[in-house]
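Thank you all for coming; I would like to take a few minutes to walk through one model with you, beginning with its pocket and then turning to a pair of helices.

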Amino acid sequence: MSIEARLQQLGIELPQAAAPVASYVPVVVHNGFAHVSGQLPFVAGELVTGRLGENVSLDDGITAARACGLMILAQLKAALVPLDRVERIVKLGAFVNSTPDFTEQPKVANGASELMFDVFGEAGRHARAAVGVPSLPLGAAVEVDAIIALAGD
């Protein structure tokens, strides 16, 4: 089954790829890998802002991380990388805007991790970092970046 068919089966519609907010490109493909810049969470077209442990619930944080994962896939498509070329999700980095006493960053990051497994199966299992940070660009609640192995040229 193609990845596009899998997305349709899962009822997933990818968002429009967000434009960069500074001087960088969203995706760099080099030596068989796609390096995807950190993506922010847009749910229903709105940026999810706030801090976990303060004014963003764990469930909303998980939803935000999933939205970051969807944006990673949208950025690949926008960079003309067919999703069927994804050989393996190698690593995700999840940055969680959180209070010093919030310690559930790994649970938040699962929103993106579980999405990758749902879409790519075993090829979606990856290494990961999930860290708490005091702030993120535009006040976002979560940011996720990715390293993805690609098949073919």
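Which residues lie nearest the centre of the largest pocket, and how many residues line it? Before I answer, please keep in mind that this is a predicted model. The lining consists of 15 residues, and those nearest the centre are Ala 19, Val 21, Tyr 24, Gly 38 and Leu 40. The volume of this largest pocket comes to about 190 Å³, and its lining divides into 11 nonpolar residues, 3 polar ones and 1 charged one. At least two lining residues come from strand E2, residues 33-39, and at least two from helix H2, residues 58-78.

Helix H2 also brings me to my second topic, since its axis comes within 7 Å of the axis of helix H3, residues 105-120, and the two cross at roughly 45°. With that angle, H2 is therefore oblique to H3, and the crossing is right-handed. On the H2 side, the residues making the contact include Gly 61, Ala 65, Arg 66, Gly 69 and Leu 73, while on the H3 side they include Lys 107, Ala 109, Gly 111, Ala 112 and Phe 120. Taken by class, the contact between H2 and H3 comprises 13 nonpolar, 3 polar and 2 charged residues.

Terms used. Residues numbered from 1 in each chain as written. Predicted model: local features only at pLDDT ≥ 70, side-chain atom pairs only at ≥ 80, totals over all residues. Heavy atoms only, no water. 1 Å grid on protein atoms, 1.4 Å probe; cavity = no way out; pocket = protein on both sides within 12 Å on 5 of 7 lines; lining within 4 Å. Points joined across faces, edges and corners; volume = space filled by probe spheres on them. Helix = DSSP H or I, 4+ residues; strand = E, 2+ residues; numbered from the N terminus. Nonpolar A, V, L, I, M, F, W, Y, C, P; charged D, E, K, R; others polar. Axes fitted to C-alpha atoms, helices over the stretch in contact; angles between N-to-C directions. Parallel < 35°, antiparallel > 145°, perpendicular 65-115°, else oblique. Left-handed = near helix turned anticlockwise from the far one by under 90°. Contact = heavy atoms within 4.5 Å.
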